[in-house]
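Thank you for making time this morning. I would like to walk you through one protein, beginning with the whole chain and then going to its parts, so please keep the picture in view while I talk.

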Amino acid sequence: MGIARALALKPSVLLADEATSGLDPSTTESILQLIRSIRETEGVSVVLITHEMDVVRSVADTVSRLEGGKIVESGPVGRIVADPVSALAGDLLRHGTPVQPGPGTAIWQVQYGSSAVALDWPQHLGAVLGSQIELLAASIESIGGPAVGRAAISVRAGLPEAAVQKSLAELGLLGHRPTTTAQSRAAGVEVKTP
């Protein structure tokens with residue numbers, strides 16, 4: 001009803017504040033389909049305020065993150081999720097609880113840096129590095145068309161970082177080793193220290 005009343009005034013911008021908050025999944029999807037339809041058929045820009053990252057991934061073209069009442073990150077969703085240091089990208093592509101790495105391995109945080117990353121990249125990376133690749137956690141999906149993703153992996157300890165980064169780059173991936181416990185937690189991997 002609120003959306004219908006707002007559209008009766010023929011606005012150029014529709015502000016939807018927590019439009020899907022507290023709704024069951026099927027009702028949420030109905031509202032999101034309605035918002036998509038309004039945007040496409042009526043030519044109305046929709047400013048959607050939400051804490052639900054699934055909603056952002058589903059309908060947003062551009063995303064902004066507010067902190068302390070100020071915009072601290074903003075841009076097209078595709079560009080934000082491709083940014084390896086973006087906190088917002090971490091929220092949008094949050095992966096589940098990771099598996100702990102095996103002994104004698106090094107943890108790497110990997111992110112898609114290209115829209116043309118092959119689905120079997122762990123196998124190719126393992127073959128190039130001569131190392132088994134353990135996939136500890138991942139979130140890979142299509143947002144706005146191309147596949148985007150982040151993953152926590154482990155490779156054999158002792159491999160030169162430059163060689164791993166070069167091999168990742170050749171596959172369209174960006175990667176780095178978390179160097180502190182805090183960075184490891186951000187990568188989704190809990191590092192146990194003696």
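Of the 194 residues in this protein, 34% are buried, and I should say at once that what you see is a predicted model. The protein exposes about 11100 Å², and carbon and sulfur atoms supply 56% of that area. If we take the contacts with a separation of 6 or more, residues 24 or more positions apart account for 65% of them. As for the elements themselves, the protein has 8 helices and 8 strands.

Let me turn to the open sheet, which has 4 strands in the order 6-7-5-8, with antiparallel pairing. Strand 6, residues 134-142, and strand 8, residues 173-176, stand at the edges with a single partner strand each, so one side of each is left without a neighbour in the sheet. Neighbouring strands here are turned by 20° against each other on average, with direction ignored. Helix 6, which covers residues 121-129, packs on this sheet and touches strand 5, strand 6, strand 7 and strand 8, while its direction makes about 35° with that of strand 7.

As a reminder for anyone new to this, strands of a sheet pair through backbone hydrogen bonds, either parallel or antiparallel. Going through the pairs in turn, 8 bridges join strand 6 to strand 7, and these two run antiparallel; if you look for S139, you will find it opposite R150 in strand 7. Strand 7 also pairs with strand 5, again in the antiparallel sense, over 7 bridges, and there A106 stands opposite V155 of strand 7. Finally, strand 5, residues 105-112, pairs with strand 8 in the antiparallel sense over 4 bridges, where Y112 has L173 in strand 8 as its bridge partner.

How many of the residues of strand 7 are buried? The count is 8 of the 10, and strand 7 is therefore largely enclosed by the rest of the structure. One residue to look at in strand 7 is V148, which has a relative accessible area of 9% and is therefore buried, since the cut-off for that word is under 20%. V148 also brings together distant parts of the sequence, in that V148 and A82 are 66 residues apart along the chain, yet their C-alpha atoms are 7.0 Å apart in space.

Now to another pair of strands, where strand 3, residues 62-67, and strand 4, residues 70-76, run antiparallel and are joined by 6 bridges. These two form a hairpin with 2 residues between them, and G68 in the turn has a positive phi of about 60°. Within this pair, S64 has S74 in strand 4 as its bridge partner.

This brings me to charges, and to the general point that side chains of opposite charge can pair when their charged atoms come close. The model has 5 salt bridges by the rule used here. Which residues are linked in a network of salt bridges? They are R65, E67 and E73. Within that network, the closest N and O atoms of E67 and R65 are 2.7 Å apart, and the side chains of E73 and R65 meet at 3.0 Å, N to O. The two glutamates differ in how far they are covered: E67 is partly exposed, with a relative accessible area of 48%, whereas E73, at 12%, counts as buried. Away from that network, there is a salt bridge between the side chains of R36 and E29, with 3.3 Å from N to O, and E29 counts as partly exposed at 33% relative accessibility.

My last stop is the surface, where V13, L15, V47 and I49 make a nonpolar patch of about 340 Å². The elements that give two or more residues to this patch are strand 1, residues 13-17, and strand 2, residues 45-49. I49, which is found in strand 2, has a relative accessibility of 37% and so counts as partly exposed.

To close, I would ask you to go back to the picture once more and to find strand 7, with 8 of its 10 residues buried, and then the nonpolar patch made by V13, L15, V47 and I49 at the surface.

Methods
Residues are numbered from 1 along each chain as its sequence is written. This is a predicted model: local features need pLDDT of at least 70, side-chain atom pairs count only at pLDDT 80 or more; totals for chains, interfaces and linings use all residues. Side-chain values use heavy atoms; hydrogens and water are left out. Two strands pair if DSSP finds at least two bridges between them. Axes are lines fitted to C-alpha atoms, for helices over the stretch in contact, and angles run from 0 to 180 degrees between N-to-C directions. Contact means heavy atoms within 4.5 Å. Patches are made of residues with over 30% relative accessible area and no salt bridge: like charges are joined within 9 Å, nonpolar side chains (Val, Leu, Ile, Met, Phe, Trp, Tyr) within 5 Å. Accessible areas come from the Shrake-Rupley method with a 1.4 Å probe; for residues, only the protein chains shown count as cover. A salt bridge is a side-chain nitrogen of Lys or Arg within 4 Å of a carboxyl oxygen of Asp or Glu. Buried means under 20% relative accessible area, exposed over 50%, partly exposed in between (1.4 Å probe, protein chains only).
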